[in-house]
Amino acid sequence: MMLNAESEIPFLYSAKNVLPARAKLNLSLSILGQRADGYHDLQSVMVTIALADRLHIAMTRSSRSTQCIDVGDDNDTCSCLASAAVSGSDTGTSFDEVTALEWRVGTDLASIPDDQDNIAWKAALAFCCAADIAPASMIFSADIEKNIPEEAGLGGGSTDAAAVLRFLHCAWRQGGADAFGKDPRFFTSTLLEKAACRTGADVPFCLRGGIAFCEGIGERMTPLAMRLPYPVLLAIPPSGIKTGEAYARLRRLRQETQSHHRSHKASDLTREALIKAWQNALNEGDLKAIAPLVHNDFIEVIVYQDPSMIRLFEALQGTGAPLVSLSGSGPVCFALFEEEKDGHAAQYQMQKLFPNVRFMMTRLSPEEDILI
């Protein structure tokens, strides 16, 4: 459907309050292998934490273009735009169309891109494709206050992208669909999840948050339940690591040893038994019950191949925390405690030992975000 100038519905939608975008921890992470599309199949238990970025977002109709687009399987305009921005490949004129959009993404960190290379921008573009609207027909802006460290394994970019998708989904339901001449019922939760998956591997989990057993590239989720929001001490080394580099290190290690390095006890369980073991452990409300299931394949290449990381990791284990591990592809390590006072005592102790490492206290935040 196409709206002419006389029939256009005035529309402006902005967040009444600042939108939080919570970071995530990987309580476990096993990399099963690389797929043909470059992504990796994994098994992971992810949980959101209270540490969060803050987003100010607004969107409105643009008078530049109201032409809706077909998003079938052909190489149409939307697919080309998504390829240019979401995948980062240059497809000629489509890339130029992406850069010419009346969109703005800003952050308070100079190291984070403020254009089509920002994953929040890519999420908005993926939404347009899923909603079957021309990206040029929308004006979009997002200002991001960054609290989650970059290249840390905490999902800082993915959770910002997920917050954008939640916002646009809400806007769509609150009048946006009518403004673009669409039936709001057309945009289903399945389309939203596909947009999240198209944006990035961790975005589907961050879209809803909570705690879940994740498979595939992270898009297949089995919700779990956690009784207590345990205190968490994060240890943030001064230098981050790009996800691609971490995976390259893991591939080299596996090629050298011809092993998948899944030697932890849980690796021998079937998928169904592993999910049941996790839920049973979580039901006990005791970190010591969870600890045997905790594992991260990247510890071998991010921690044990770096003397400074070994010292940091072993010092965290020496604090008496029932559970210490690495999140995502690192380099952030974390320690879970039963009591917040124990976490603060460990933070004080660790900061004296490692003055160049940033330590932050937060907590698990296992409640899901509500999608209307």
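Where is Ser-329 found? In this predicted model, Ser-329 sits in the loop that links strand 10 (323–326) and strand 11 (333–336). Despite the loop setting, Ser-329 counts as buried because its relative accessible area is 9%, and the cut-off for buried is under 20%. Leaving aside residues up to four places away in sequence, Ser-329 touches Gly-153, Ile-241, Thr-243, Ala-246, Phe-298 and Ile-302.

The two strands that flank this loop belong to an open sheet of 4 strands, laid out in the order 10-11-8-12 with antiparallel pairing. Strand 10 and strand 12 (358–363) form the edges, each pairing on one side only. Direction ignored, neighbouring strands in this sheet are turned against each other by 20° on average. At the other end of the order, strand 8 (residues 231–236) runs antiparallel to strand 12, and 6 bridges join the pair. Within that pairing, Val-232 stands opposite Thr-362 in strand 12. Helix 12 (residues 340–353) packs on the sheet, where it touches strand 8 and strand 12. The direction of helix 12 makes about 175° with that of strand 12.

Stepping back to the whole chain, the protein has 12 helices and 12 strands. Of its 372 residues, 54% are buried. The protein exposes about 16500 Å², with carbon and sulfur atoms supplying 49% of that area. As for contacts between residues at least 6 apart in sequence, 75% of them join residues at least 24 apart.

Then there is the nonpolar interior. In soluble globular proteins, nonpolar side chains tend to be buried together. Here, the largest nonpolar core has 46 residues. Met-59, Trp-103, Phe-140, Val-164, Leu-165 and Leu-168 have the most contacts inside this core. The elements giving two or more residues to the core include strand 3 (40–61), strand 4 (103–107), strand 5 (138–145) and strand 6 (211–216). On the helical side, helix 3 (119–131), helix 4 (156–179), helix 5 (189–199) and helix 6 (203–208) also give two or more residues each. Helix 4 supplies the largest share, with 11 residues. Apart from this core lies another, of 34 residues, and among its members are Leu-25, Val-45, Leu-154 and Leu-234.

Methods
Residues numbered from 1 in each chain as written. Predicted model: local features only at pLDDT ≥ 70, side-chain atom pairs only at ≥ 80, totals over all residues. Heavy atoms only, no water. Buried < 20%, exposed > 50% of the residue type's maximum accessible area, 1.4 Å probe, protein only. Contact = heavy atoms within 4.5 Å. Areas by Shrake-Rupley, 256 points an atom, 1.4 Å probe, with all protein chains shown as cover. Core = buried A, V, L, I, M, F, W, Y, C linked by side-chain atoms within 4.5 Å. Pairing = 2+ DSSP bridges. Axes fitted to C-alpha atoms, helices over the stretch in contact; angles between N-to-C directions.
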